[in-house]
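Before you go through this model on screen, I have put together some remarks that may be worth having beside you. They are meant to be read slowly, with the structure open.

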Amino acid sequence: MNKRKVMWLVIKLLIAVWVIDSIVDPLIFEEGTFISHLLTPSAHEVFVRLLLIGILLFAVYNRTLLAKQKAVQHTAQESEERYRTLFENAHDMIQSVAPDGSFIFVNPSWIKKLGYTQEDLKTITMFDIIHPDCRDHCTAAFKRVMSGEAVNNIEATFISKNGRKIEVEGNVNVRSVDGKVIATQGIFRDITRRKKAEGQLAGLLKDVTRAKTEWEITFNNSMEIIILLDKDLNIIKHNKRFADFVELPPQELLGRKCYDFFTCNPTETGHCLGKIHDGELREWTEVKTNSGHWFYISHCPIFDENGKFLHSIVIASDVTSLKNTQQRLQDSEEELDSLFVNFVKAMVNALDAKSPWTKGHSERVAGYAEQIAKEMGLEDEKIILLRLASLLHDIGKIGTYDYLLDKPESLTEEEFEAVKKHPDQGTAILKGVKQLKDILPLIRYHHERIDGKGYPEGLKGEEIPLCARILHVADSFDSMTADRPYRSSPGKEYAISELKRCNGTRFDTRVVEAFLKILSNS
Ligand SMILES: [Fe+2]
(Lines give C-alpha, C1' and ligand atoms only; values in the text may rest on other atoms or scores of the structure.)
Protein backbone atom coordinates (compact mmCIF):
# COMPACT_ATOMS: atom_id res chain seq x y z
CA MET A 1 0.00 0.00 0.00
CA ASN A 2 1.55 3.30 -1.01
CA LYS A 3 1.76 6.46 1.06
CA ARG A 4 -1.12 8.21 -0.73
CA LYS A 5 -3.48 5.33 0.05
CA VAL A 6 -2.32 5.21 3.70
CA MET A 7 -2.91 8.92 4.07
CA TRP A 8 -6.39 8.70 2.58
CA LEU A 9 -7.15 5.72 4.88
CA VAL A 10 -6.07 7.68 7.96
CA ILE A 11 -8.16 10.66 6.87
CA LYS A 12 -11.19 8.47 6.22
CA LEU A 13 -10.83 6.71 9.61
CA LEU A 14 -10.37 10.03 11.38
CA ILE A 15 -13.54 11.48 9.83
CA ALA A 16 -15.51 8.27 10.46
CA VAL A 17 -14.45 7.92 14.15
CA TRP A 18 -14.96 11.66 14.75
CA VAL A 19 -18.46 11.64 13.25
CA ILE A 20 -19.56 8.35 14.83
CA ASP A 21 -18.31 9.35 18.29
CA SER A 22 -20.07 12.75 17.94
CA ILE A 23 -23.32 10.84 17.20
CA VAL A 24 -22.85 8.19 19.90
CA ASP A 25 -22.05 10.51 22.81
CA PRO A 26 -25.38 12.56 22.79
CA LEU A 27 -27.36 9.35 22.27
CA ILE A 28 -25.72 7.24 25.00
CA PHE A 29 -24.59 9.76 27.58
CA GLU A 30 -27.26 12.37 26.72
CA GLU A 31 -24.70 15.13 27.00
CA GLY A 32 -24.60 18.13 24.63
CA THR A 33 -25.49 17.93 21.01
CA PHE A 34 -24.14 16.21 17.94
CA ILE A 35 -22.78 19.56 16.72
CA SER A 36 -21.05 20.38 20.04
CA HIS A 37 -19.36 16.91 20.09
CA LEU A 38 -18.45 17.27 16.44
CA LEU A 39 -16.99 20.78 16.56
CA THR A 40 -15.87 21.24 20.17
CA PRO A 41 -14.87 17.87 21.64
CA SER A 42 -13.40 17.66 25.07
CA ALA A 43 -9.76 16.62 25.55
CA HIS A 44 -10.53 13.08 26.60
CA GLU A 45 -12.88 12.71 23.59
CA VAL A 46 -10.00 13.72 21.32
CA PHE A 47 -7.71 11.23 23.08
CA VAL A 48 -10.31 8.43 22.84
CA ARG A 49 -10.95 9.14 19.20
CA LEU A 50 -7.20 9.16 18.36
CA LEU A 51 -6.77 5.94 20.34
CA LEU A 52 -9.56 4.29 18.37
CA ILE A 53 -8.02 5.45 15.13
CA GLY A 54 -4.63 4.02 16.20
CA ILE A 55 -6.20 0.67 17.12
CA LEU A 56 -8.02 0.51 13.80
CA LEU A 57 -4.90 1.45 11.85
CA PHE A 58 -2.88 -1.21 13.65
CA ALA A 59 -5.56 -3.81 12.87
CA VAL A 60 -5.59 -2.84 9.22
CA TYR A 61 -1.78 -2.84 9.07
CA ASN A 62 -1.54 -6.20 10.76
CA ARG A 63 -4.11 -7.69 8.39
CA THR A 64 -2.26 -6.30 5.38
CA LEU A 65 1.05 -7.67 6.66
CA LEU A 66 -0.42 -11.13 7.13
CA ALA A 67 -1.87 -11.04 3.63
CA LYS A 68 1.54 -10.09 2.22
CA GLN A 69 3.28 -12.87 4.09
CA LYS A 70 0.75 -15.36 2.79
CA ALA A 71 1.20 -14.09 -0.74
CA VAL A 72 5.00 -14.33 -0.48
CA GLN A 73 4.75 -17.83 0.97
CA HIS A 74 2.34 -18.87 -1.80
CA THR A 75 4.59 -17.45 -4.45
CA ALA A 76 7.58 -19.26 -2.98
CA GLN A 77 5.69 -22.53 -2.93
CA GLU A 78 4.58 -22.06 -6.51
CA SER A 79 8.08 -21.19 -7.59
CA GLU A 80 9.51 -24.21 -5.83
CA GLU A 81 6.85 -26.41 -7.39
CA ARG A 82 7.59 -25.08 -10.86
CA TYR A 83 11.31 -25.50 -10.37
CA ARG A 84 10.81 -29.06 -9.10
CA THR A 85 8.58 -29.89 -12.05
CA LEU A 86 11.13 -28.46 -14.45
CA PHE A 87 13.99 -30.20 -12.67
CA GLU A 88 12.31 -33.59 -12.65
CA ASN A 89 10.77 -33.47 -16.12
CA ALA A 90 13.44 -31.61 -18.00
CA HIS A 91 14.67 -33.42 -21.09
CA ASP A 92 18.07 -31.84 -20.56
CA MET A 93 20.54 -33.16 -18.03
CA ILE A 94 20.92 -31.00 -14.91
CA GLN A 95 23.73 -31.48 -12.43
CA SER A 96 25.13 -29.69 -9.44
CA VAL A 97 28.76 -30.35 -8.61
CA ALA A 98 30.79 -29.43 -5.55
CA PRO A 99 34.13 -27.62 -5.91
CA ASP A 100 35.93 -30.95 -5.57
CA GLY A 101 33.98 -32.37 -8.51
CA SER A 102 31.70 -34.64 -6.50
CA PHE A 103 28.04 -34.68 -7.40
CA ILE A 104 25.58 -32.86 -5.16
CA PHE A 105 22.49 -33.71 -7.16
CA VAL A 106 21.41 -34.64 -10.70
CA ASN A 107 17.98 -34.71 -12.29
CA PRO A 108 16.14 -37.88 -13.49
CA SER A 109 16.99 -37.18 -17.12
CA TRP A 110 20.68 -37.18 -16.19
CA ILE A 111 20.25 -40.60 -14.51
CA LYS A 112 18.30 -41.96 -17.44
CA LYS A 113 20.74 -40.89 -20.14
CA LEU A 114 23.99 -41.71 -18.37
CA GLY A 115 22.80 -44.79 -16.53
CA TYR A 116 24.53 -44.12 -13.20
CA THR A 117 22.53 -44.68 -10.02
CA GLN A 118 22.34 -42.39 -7.03
CA GLU A 119 24.63 -44.85 -5.23
CA ASP A 120 27.16 -44.61 -8.11
CA LEU A 121 27.19 -40.83 -7.75
CA LYS A 122 28.56 -41.17 -4.23
CA THR A 123 31.71 -42.81 -5.54
CA ILE A 124 32.45 -40.91 -8.76
CA THR A 125 33.25 -37.32 -9.63
CA MET A 126 32.36 -35.13 -12.56
CA PHE A 127 35.73 -35.89 -14.15
CA ASP A 128 34.95 -39.63 -14.26
CA ILE A 129 32.12 -39.12 -16.75
CA ILE A 130 34.06 -36.88 -19.12
CA HIS A 131 35.69 -38.51 -22.15
CA PRO A 132 39.51 -38.26 -22.12
CA ASP A 133 39.47 -36.43 -25.47
CA CYS A 134 37.76 -33.40 -23.92
CA ARG A 135 38.90 -33.70 -20.33
CA ASP A 136 41.48 -30.91 -20.65
CA HIS A 137 39.15 -28.26 -21.99
CA CYS A 138 36.42 -29.31 -19.50
CA THR A 139 38.86 -29.00 -16.60
CA ALA A 140 39.82 -25.54 -17.81
CA ALA A 141 36.16 -24.56 -18.08
CA PHE A 142 35.50 -25.89 -14.57
CA LYS A 143 38.24 -23.66 -13.19
CA ARG A 144 36.75 -20.66 -14.96
CA VAL A 145 33.36 -21.46 -13.46
CA MET A 146 34.85 -21.83 -9.99
CA SER A 147 36.38 -18.39 -10.38
CA GLY A 148 32.86 -17.07 -10.81
CA GLU A 149 32.66 -16.92 -14.59
CA ALA A 150 29.59 -18.35 -16.30
CA VAL A 151 30.51 -20.71 -19.15
CA ASN A 152 27.96 -20.98 -21.93
CA ASN A 153 27.62 -23.29 -24.93
CA ILE A 154 30.42 -25.53 -23.84
CA GLU A 155 30.63 -28.82 -25.72
CA ALA A 156 31.81 -32.04 -24.15
CA THR A 157 31.59 -35.78 -24.43
CA PHE A 158 30.14 -37.69 -21.51
CA ILE A 159 30.66 -41.41 -21.00
CA SER A 160 27.61 -43.37 -19.85
CA LYS A 161 27.88 -46.19 -17.34
CA ASN A 162 27.80 -48.72 -20.20
CA GLY A 163 30.57 -46.88 -22.05
CA ARG A 164 28.44 -45.10 -24.64
CA LYS A 165 29.67 -41.69 -25.78
CA ILE A 166 27.14 -38.90 -25.40
CA GLU A 167 27.87 -35.59 -27.06
CA VAL A 168 26.51 -32.69 -24.96
CA GLU A 169 26.30 -28.93 -25.10
CA GLY A 170 25.47 -26.82 -22.05
CA ASN A 171 25.77 -23.83 -19.75
CA VAL A 172 27.45 -23.83 -16.34
CA ASN A 173 27.43 -21.25 -13.55
CA VAL A 174 28.10 -21.19 -9.81
CA ARG A 175 26.09 -20.98 -6.63
CA SER A 176 27.71 -18.91 -3.91
CA VAL A 177 26.95 -18.22 -0.27
CA ASP A 178 28.48 -15.15 1.32
CA GLY A 179 30.77 -14.74 -1.66
CA LYS A 180 32.05 -18.28 -1.42
CA VAL A 181 31.43 -20.75 -4.23
CA ILE A 182 29.69 -23.79 -2.86
CA ALA A 183 28.65 -25.53 -6.07
CA THR A 184 28.48 -25.38 -9.83
CA GLN A 185 25.18 -25.82 -11.62
CA GLY A 186 25.10 -27.08 -15.15
CA ILE A 187 22.42 -27.91 -17.68
CA PHE A 188 23.42 -30.02 -20.69
CA ARG A 189 21.60 -31.05 -23.84
CA ASP A 190 22.25 -34.34 -25.64
CA ILE A 191 23.47 -33.34 -29.12
CA THR A 192 24.70 -36.79 -30.19
CA ARG A 193 22.19 -36.96 -33.06
CA ARG A 194 22.94 -33.42 -34.12
CA LYS A 195 26.68 -34.08 -34.10
CA LYS A 196 26.11 -37.26 -36.10
CA ALA A 197 23.95 -35.36 -38.59
CA GLU A 198 26.60 -32.64 -38.75
CA GLY A 199 29.20 -35.31 -39.45
CA GLN A 200 27.06 -36.82 -42.16
CA LEU A 201 26.42 -33.39 -43.64
CA ALA A 202 30.12 -32.63 -43.58
CA GLY A 203 30.78 -35.94 -45.32
CA LEU A 204 28.10 -35.16 -47.85
CA LEU A 205 29.52 -31.72 -48.49
CA LYS A 206 32.92 -33.30 -48.90
CA ASP A 207 31.51 -35.77 -51.45
CA VAL A 208 29.71 -33.00 -53.28
CA THR A 209 32.84 -30.87 -53.33
CA ARG A 210 34.90 -33.76 -54.61
CA ALA A 211 32.27 -34.62 -57.24
CA LYS A 212 32.18 -31.00 -58.33
CA THR A 213 35.95 -30.90 -58.58
CA GLU A 214 35.99 -34.16 -60.55
CA TRP A 215 33.28 -32.84 -62.85
CA GLU A 216 35.16 -29.58 -63.44
CA ILE A 217 38.36 -31.48 -64.22
CA THR A 218 36.49 -33.84 -66.55
CA PHE A 219 34.62 -30.95 -68.12
CA ASN A 220 37.70 -28.89 -68.82
CA ASN A 221 39.99 -31.70 -69.90
CA SER A 222 37.56 -33.80 -71.90
CA MET A 223 38.45 -34.58 -75.47
CA GLU A 224 34.72 -34.41 -76.17
CA ILE A 225 32.99 -31.13 -76.79
CA ILE A 226 30.65 -30.36 -73.88
CA ILE A 227 28.25 -27.43 -73.94
CA LEU A 228 25.35 -26.42 -71.71
CA LEU A 229 22.39 -24.83 -73.44
CA ASP A 230 19.42 -22.90 -72.09
CA LYS A 231 15.90 -23.40 -73.40
CA ASP A 232 16.60 -21.04 -76.30
CA LEU A 233 19.70 -22.97 -77.33
CA ASN A 234 22.00 -20.24 -76.06
CA ILE A 235 25.39 -21.47 -74.87
CA ILE A 236 25.59 -20.90 -71.11
CA LYS A 237 28.74 -22.94 -70.50
CA HIS A 238 31.26 -24.83 -72.59
CA ASN A 239 34.57 -26.55 -72.17
CA LYS A 240 37.97 -25.74 -73.62
CA ARG A 241 37.63 -28.37 -76.33
CA PHE A 242 34.70 -26.48 -77.82
CA ALA A 243 36.60 -23.19 -77.92
CA ASP A 244 39.51 -24.97 -79.55
CA PHE A 245 37.20 -26.55 -82.14
CA VAL A 246 35.55 -23.30 -83.19
CA GLU A 247 38.85 -21.41 -82.81
CA LEU A 248 37.32 -18.52 -80.89
CA PRO A 249 38.10 -17.04 -77.47
CA PRO A 250 35.85 -18.51 -74.75
CA GLN A 251 34.40 -15.11 -73.86
CA GLU A 252 32.99 -14.76 -77.38
CA LEU A 253 31.03 -17.99 -77.16
CA LEU A 254 28.77 -17.48 -74.16
CA GLY A 255 25.28 -16.38 -75.14
CA ARG A 256 25.73 -17.43 -78.76
CA LYS A 257 23.34 -19.89 -80.39
CA CYS A 258 24.73 -23.40 -80.60
CA TYR A 259 23.66 -23.73 -84.22
CA ASP A 260 25.95 -20.84 -85.13
CA PHE A 261 28.71 -23.41 -84.81
CA PHE A 262 26.99 -26.78 -85.20
CA THR A 263 24.81 -26.31 -88.25
CA CYS A 264 24.38 -29.83 -89.50
CA ASN A 265 23.77 -31.01 -93.02
CA PRO A 266 20.17 -32.25 -93.01
CA THR A 267 20.47 -33.90 -96.40
CA GLU A 268 22.99 -36.35 -94.98
CA THR A 269 21.88 -36.80 -91.42
CA GLY A 270 18.20 -35.93 -91.19
CA HIS A 271 18.93 -34.36 -87.81
CA CYS A 272 19.75 -30.93 -86.57
CA LEU A 273 20.84 -29.63 -83.22
CA GLY A 274 17.90 -27.26 -83.42
CA LYS A 275 15.70 -30.24 -82.60
CA ILE A 276 17.36 -30.84 -79.26
CA HIS A 277 14.44 -29.66 -77.21
CA ASP A 278 12.03 -31.87 -79.11
CA GLY A 279 13.77 -34.72 -77.30
CA GLU A 280 14.85 -36.30 -80.57
CA LEU A 281 18.52 -36.31 -79.74
CA ARG A 282 18.46 -38.03 -76.38
CA GLU A 283 20.41 -40.97 -77.75
CA TRP A 284 23.74 -40.79 -79.49
CA THR A 285 23.11 -39.38 -82.92
CA GLU A 286 25.43 -39.14 -85.88
CA VAL A 287 25.69 -35.64 -87.29
CA LYS A 288 27.73 -34.21 -90.12
CA THR A 289 28.36 -30.48 -90.02
CA ASN A 290 28.62 -28.19 -92.99
CA SER A 291 32.30 -27.92 -92.25
CA GLY A 292 32.60 -31.62 -93.06
CA HIS A 293 33.14 -32.88 -89.50
CA TRP A 294 31.32 -35.94 -88.22
CA PHE A 295 30.09 -35.95 -84.64
CA TYR A 296 28.34 -38.36 -82.36
CA ILE A 297 26.07 -36.17 -80.26
CA SER A 298 24.19 -36.97 -77.07
CA HIS A 299 21.72 -34.67 -75.38
CA CYS A 300 20.56 -34.80 -71.79
CA PRO A 301 18.02 -32.29 -70.44
CA ILE A 302 18.44 -31.36 -66.76
CA PHE A 303 15.37 -30.60 -64.63
CA ASP A 304 15.01 -29.26 -61.10
CA GLU A 305 13.21 -31.12 -58.29
CA ASN A 306 9.89 -29.72 -59.54
CA GLY A 307 10.42 -30.98 -63.08
CA LYS A 308 11.22 -27.53 -64.46
CA PHE A 309 13.72 -27.50 -67.33
CA LEU A 310 17.06 -26.01 -66.31
CA HIS A 311 19.40 -26.64 -69.19
CA SER A 312 20.67 -29.26 -71.59
CA ILE A 313 24.03 -30.93 -71.57
CA VAL A 314 25.25 -31.70 -75.07
CA ILE A 315 28.27 -33.94 -75.57
CA ALA A 316 29.72 -34.02 -79.07
CA SER A 317 32.42 -36.47 -79.99
CA ASP A 318 34.41 -35.74 -83.13
CA VAL A 319 34.45 -38.99 -85.10
CA THR A 320 35.52 -37.54 -88.43
CA SER A 321 38.64 -39.66 -88.52
CA LEU A 322 36.68 -42.79 -87.58
CA LYS A 323 34.03 -42.09 -90.21
CA ASN A 324 36.66 -41.57 -92.89
CA THR A 325 38.30 -44.85 -91.90
CA GLN A 326 34.91 -46.58 -91.99
CA GLN A 327 34.25 -45.16 -95.45
CA ARG A 328 37.63 -46.35 -96.70
CA LEU A 329 36.97 -49.77 -95.19
CA GLN A 330 33.56 -49.92 -96.82
CA ASP A 331 35.08 -48.93 -100.16
CA SER A 332 37.71 -51.63 -99.72
CA GLU A 333 35.06 -54.24 -98.90
CA GLU A 334 33.03 -53.29 -101.96
CA GLU A 335 36.17 -53.44 -104.06
CA LEU A 336 37.00 -56.83 -102.60
CA ASP A 337 33.47 -58.09 -103.29
CA SER A 338 33.75 -56.86 -106.85
CA LEU A 339 37.12 -58.54 -107.17
CA PHE A 340 35.68 -61.79 -105.85
CA VAL A 341 32.74 -61.72 -108.25
CA ASN A 342 35.07 -61.04 -111.14
CA PHE A 343 37.30 -63.87 -109.97
CA VAL A 344 34.39 -66.31 -110.02
CA LYS A 345 33.33 -65.06 -113.46
CA ALA A 346 36.89 -65.46 -114.71
CA MET A 347 37.02 -69.03 -113.44
CA VAL A 348 33.70 -69.86 -115.10
CA ASN A 349 34.82 -68.19 -118.32
CA ALA A 350 38.06 -70.16 -118.24
CA LEU A 351 36.11 -73.40 -117.94
CA ASP A 352 33.71 -72.39 -120.70
CA ALA A 353 36.64 -71.50 -122.93
CA LYS A 354 38.24 -74.90 -122.31
CA SER A 355 35.36 -76.86 -123.85
CA PRO A 356 32.67 -75.40 -126.12
CA TRP A 357 30.43 -78.39 -125.24
CA THR A 358 30.01 -77.25 -121.63
CA LYS A 359 29.71 -73.50 -122.35
CA GLY A 360 26.90 -72.01 -120.31
CA HIS A 361 26.53 -75.23 -118.32
CA SER A 362 27.57 -73.69 -115.00
CA GLU A 363 25.18 -70.72 -115.31
CA ARG A 364 22.25 -73.02 -116.17
CA VAL A 365 23.02 -75.42 -113.31
CA ALA A 366 23.19 -72.43 -110.94
CA GLY A 367 19.77 -71.31 -112.16
CA TYR A 368 18.18 -74.77 -111.65
CA ALA A 369 19.81 -75.22 -108.22
CA GLU A 370 18.63 -71.84 -107.02
CA GLN A 371 15.04 -72.60 -108.08
CA ILE A 372 15.08 -75.99 -106.31
CA ALA A 373 16.54 -74.49 -103.15
CA LYS A 374 13.88 -71.80 -103.04
CA GLU A 375 11.17 -74.38 -103.66
CA MET A 376 12.53 -76.40 -100.72
CA GLY A 377 12.55 -73.31 -98.51
CA LEU A 378 16.29 -73.07 -97.84
CA GLU A 379 17.65 -69.99 -96.13
CA ASP A 380 18.96 -67.15 -98.29
CA GLU A 381 22.48 -67.65 -97.00
CA LYS A 382 22.50 -71.29 -98.14
CA ILE A 383 21.02 -70.37 -101.51
CA ILE A 384 23.85 -67.88 -102.10
CA LEU A 385 26.44 -70.57 -101.29
CA LEU A 386 24.64 -73.08 -103.50
CA ARG A 387 24.60 -70.67 -106.46
CA LEU A 388 28.32 -70.01 -106.01
CA ALA A 389 29.07 -73.74 -105.75
CA SER A 390 26.99 -74.37 -108.88
CA LEU A 391 29.00 -71.83 -110.87
CA LEU A 392 32.27 -73.45 -109.82
CA HIS A 393 31.24 -77.09 -109.43
CA ASP A 394 33.14 -78.32 -112.49
CA ILE A 395 36.13 -76.02 -112.12
CA GLY A 396 38.25 -79.12 -111.55
CA LYS A 397 37.80 -79.98 -115.24
CA ILE A 398 40.38 -77.29 -115.98
CA GLY A 399 42.83 -79.98 -114.97
CA THR A 400 41.24 -82.60 -117.25
CA TYR A 401 42.71 -83.24 -120.67
CA ASP A 402 40.82 -81.40 -123.42
CA TYR A 403 40.58 -84.47 -125.59
CA LEU A 404 38.64 -86.27 -122.87
CA LEU A 405 36.12 -83.46 -122.62
CA ASP A 406 35.75 -83.16 -126.41
CA LYS A 407 35.99 -86.90 -127.26
CA PRO A 408 33.14 -87.78 -129.65
CA GLU A 409 33.08 -91.44 -128.58
CA SER A 410 32.21 -92.86 -125.23
CA LEU A 411 35.03 -92.72 -122.69
CA THR A 412 36.94 -95.85 -121.80
CA GLU A 413 36.87 -96.97 -118.20
CA GLU A 414 40.34 -95.58 -117.69
CA GLU A 415 39.40 -92.25 -119.25
CA PHE A 416 36.26 -92.03 -117.14
CA GLU A 417 38.35 -92.59 -114.02
CA ALA A 418 40.44 -89.58 -115.06
CA VAL A 419 37.31 -87.46 -115.51
CA LYS A 420 35.99 -88.58 -112.08
CA LYS A 421 38.91 -86.78 -110.46
CA HIS A 422 37.49 -83.34 -111.28
CA PRO A 423 35.59 -82.88 -107.94
CA ASP A 424 38.81 -83.37 -105.99
CA GLN A 425 40.76 -81.28 -108.46
CA GLY A 426 38.19 -78.48 -108.13
CA THR A 427 38.42 -78.65 -104.34
CA ALA A 428 42.21 -78.50 -104.54
CA ILE A 429 42.10 -75.48 -106.87
CA LEU A 430 39.78 -73.47 -104.61
CA LYS A 431 40.88 -74.53 -101.14
CA GLY A 432 43.24 -71.56 -100.80
CA VAL A 433 40.40 -69.07 -101.27
CA LYS A 434 39.07 -68.22 -97.81
CA GLN A 435 35.76 -66.88 -99.11
CA LEU A 436 35.03 -70.23 -100.81
CA LYS A 437 35.75 -72.63 -97.95
CA ASP A 438 32.04 -73.24 -97.27
CA ILE A 439 31.34 -74.39 -100.82
CA LEU A 440 34.23 -76.88 -101.04
CA PRO A 441 32.09 -79.82 -99.69
CA LEU A 442 29.41 -79.05 -102.29
CA ILE A 443 31.95 -79.10 -105.13
CA ARG A 444 33.60 -82.28 -103.86
CA TYR A 445 30.34 -84.21 -103.37
CA HIS A 446 28.27 -83.03 -106.33
CA HIS A 447 28.63 -86.47 -108.00
CA GLU A 448 27.70 -88.50 -104.91
CA ARG A 449 24.54 -90.65 -105.19
CA ILE A 450 21.91 -91.40 -102.60
CA ASP A 451 22.51 -95.14 -103.00
CA GLY A 452 26.24 -94.71 -102.31
CA LYS A 453 27.34 -95.50 -105.86
CA GLY A 454 28.62 -92.02 -106.63
CA TYR A 455 32.13 -90.59 -106.37
CA PRO A 456 34.62 -89.60 -105.02
CA GLU A 457 33.79 -91.18 -101.62
CA GLY A 458 30.59 -93.11 -102.21
CA LEU A 459 28.65 -91.27 -99.50
CA LYS A 460 25.01 -92.30 -98.92
CA GLY A 461 21.77 -90.41 -98.20
CA GLU A 462 22.09 -87.82 -95.45
CA GLU A 463 25.87 -88.19 -95.45
CA ILE A 464 25.81 -86.03 -98.56
CA PRO A 465 25.24 -82.32 -97.87
CA LEU A 466 21.74 -81.28 -98.95
CA CYS A 467 23.05 -78.56 -101.26
CA ALA A 468 25.36 -81.11 -102.90
CA ARG A 469 22.31 -83.35 -103.53
CA ILE A 470 20.50 -80.37 -105.11
CA LEU A 471 23.57 -79.56 -107.20
CA HIS A 472 23.77 -83.17 -108.37
CA VAL A 473 20.15 -83.13 -109.63
CA ALA A 474 20.56 -79.75 -111.35
CA ASP A 475 23.87 -80.81 -112.93
CA SER A 476 22.45 -84.11 -114.19
CA PHE A 477 19.31 -82.48 -115.63
CA ASP A 478 21.35 -79.90 -117.58
CA SER A 479 23.71 -82.59 -118.85
CA MET A 480 20.75 -84.64 -120.11
CA THR A 481 19.22 -81.64 -121.89
CA ALA A 482 22.42 -80.50 -123.61
CA ASP A 483 24.38 -81.86 -126.55
CA ARG A 484 27.61 -83.66 -125.87
CA PRO A 485 30.41 -84.51 -128.29
CA TYR A 486 29.54 -88.18 -127.99
CA ARG A 487 25.77 -87.76 -128.32
CA SER A 488 22.93 -85.38 -129.07
CA SER A 489 20.66 -84.05 -126.32
CA PRO A 490 18.21 -86.80 -125.23
CA GLY A 491 15.68 -84.01 -124.58
CA LYS A 492 13.75 -82.61 -121.65
CA GLU A 493 11.15 -85.40 -121.53
CA TYR A 494 13.88 -88.01 -121.35
CA ALA A 495 15.61 -86.05 -118.61
CA ILE A 496 12.37 -85.87 -116.61
CA SER A 497 11.81 -89.60 -117.03
CA GLU A 498 15.37 -90.23 -115.83
CA LEU A 499 14.79 -88.07 -112.78
CA LYS A 500 11.74 -90.15 -111.94
CA ARG A 501 13.46 -93.46 -112.73
CA CYS A 502 16.48 -92.65 -110.58
CA ASN A 503 14.47 -91.02 -107.78
CA GLY A 504 15.70 -92.53 -104.53
CA THR A 505 18.71 -94.24 -106.11
CA ARG A 506 20.82 -91.57 -107.80
CA PHE A 507 18.80 -88.62 -106.65
CA ASP A 508 17.33 -87.40 -103.37
CA THR A 509 13.54 -87.84 -103.39
CA ARG A 510 12.75 -84.43 -101.85
CA VAL A 511 15.01 -82.68 -104.37
CA VAL A 512 13.49 -84.52 -107.33
CA GLU A 513 9.95 -83.77 -106.20
CA ALA A 514 10.77 -80.08 -105.81
CA PHE A 515 12.39 -79.96 -109.24
CA LEU A 516 9.54 -81.85 -110.94
CA LYS A 517 7.13 -79.35 -109.43
CA ILE A 518 9.17 -76.48 -110.87
CA LEU A 519 9.42 -78.13 -114.28
CA SER A 520 5.69 -78.87 -114.41
CA ASN A 521 4.96 -75.19 -113.74
CA SER A 522 7.44 -73.86 -116.26
FE1 LIG B 1 30.70 -82.52 -112.51
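The numbered points below take up the pocket, the cavities, one helix with the loop after it, and one serine.

1. Please keep in mind throughout that this is a predicted model, and that the values given here are computed from it.

2. The largest pocket holds about 880 Å³ of space. Its lining is made up of 31 residues, and those closest to the centre of the pocket are Phe416, His447, Tyr455, Ser479 and Tyr486. Two or more lining residues come from each of helix 13 (402–406), helix 14 (413–419), helix 17 (466–480) and helix 18 (492–501), and helix 17 gives the largest share, with 5 residues. Sorted by class, the lining of this pocket has 11 nonpolar, 9 polar and 11 charged residues.

3. How many cavities of 30 Å³ or more does the structure hold? There are 3, and about 170 Å³ of space lies in the largest cavity. This cavity is lined by 14 residues, of which Met126, Cys138, Ile154, Val172 and Phe188 are the closest to its centre. Helix 6 (135–146), strand 3 (151–159) and strand 5 (180–190) each supply at least two residues of that lining. By class, the lining of the largest cavity is 12 nonpolar and 2 polar residues, with no charged residues.

4. The second largest cavity has a volume of about 40 Å³, and the residues that line it are Leu351, Thr358, His361, Ser362, Asp394, Lys397 and Leu405. Its lining divides into 2 nonpolar, 3 polar and 2 charged residues. His361 and Ser362 of this lining also appear among the buried residues of helix 11, which is the subject of the next point.

5. Helix 11 covers residues 361–375, and because a rise of 1.5 Å a residue should give its 15 residues a span of 21 Å, the 21 Å between its end C-alpha atoms agrees with that expectation. Which of its residues are buried? They are His361, Ser362, Val365, Ala366, Tyr368, Ala369, Ile372 and Ala373. These buried residues pack against helix 10 (320–354), helix 12 (380–392), helix 17 and helix 19 (509–521); helix 17 is also the element that gives the largest share of the lining of the largest pocket.

6. Helix 11 is followed by Gly377, which has a positive phi, near 80°, and which lies in the loop between helix 11 and helix 12. Is Gly377 buried or exposed? Its relative accessibility is 55%, and because exposed means over 50%, Gly377 counts as exposed. Measuring on your own screen from C-alpha to C-alpha, you should find Gly377 and Leu254 to be 63 Å apart in space, while in sequence they are 123 residues apart.

7. Ser22 is placed in helix 1 (residues 3–28). With a relative accessibility of 0%, Ser22 counts as buried, since that term applies to values under 20%. Where do polar atoms of the Ser22 side chain come within reach of the backbone? One such atom lies 2.7 Å from the backbone oxygen of Trp18, and a polar atom of the Ser22 side chain lies 3.3 Å from the backbone nitrogen of Leu38. Leaving aside residues up to four places away in sequence, Ser22 touches Phe34, His37, Leu38 and Arg49, so that Leu38 is found both in this list and in the polar pair just described.

Terms used. Residues are numbered from 1 along each chain as its sequence is written. This is a predicted model: local features need pLDDT of at least 70, side-chain atom pairs count only at pLDDT 80 or more; totals for chains, interfaces and linings use all residues. Side-chain values use heavy atoms; hydrogens and water are left out. On a 1 Å grid over the protein atoms alone, a cavity is a set of points where a 1.4 Å probe fits but cannot get out, and a pocket is an open set with protein on both sides within 12 Å along at least five of seven lines; lining residues have an atom within 4 Å of a point. Grid points are joined across faces, edges and corners, and a volume is the space filled by probe spheres set on the points. Helices (H or I, at least four residues) and strands (E, at least two) are DSSP runs, numbered from the N terminus. Ala, Val, Leu, Ile, Met, Phe, Trp, Tyr, Cys and Pro count as nonpolar, Asp, Glu, Lys and Arg as charged, and the others, Gly among them, as polar. The expected span of a helix is 1.5 Å times one less than its number of residues. Buried means under 20% relative accessible area, exposed over 50%, partly exposed in between (1.4 Å probe, protein chains only). Contact means heavy atoms within 4.5 Å. A polar contact is a pair of N or O atoms within 3.5 Å; within protein, one must be able to donate a hydrogen and the other to accept it, and residues adjacent in sequence count only if both atoms are side-chain atoms.
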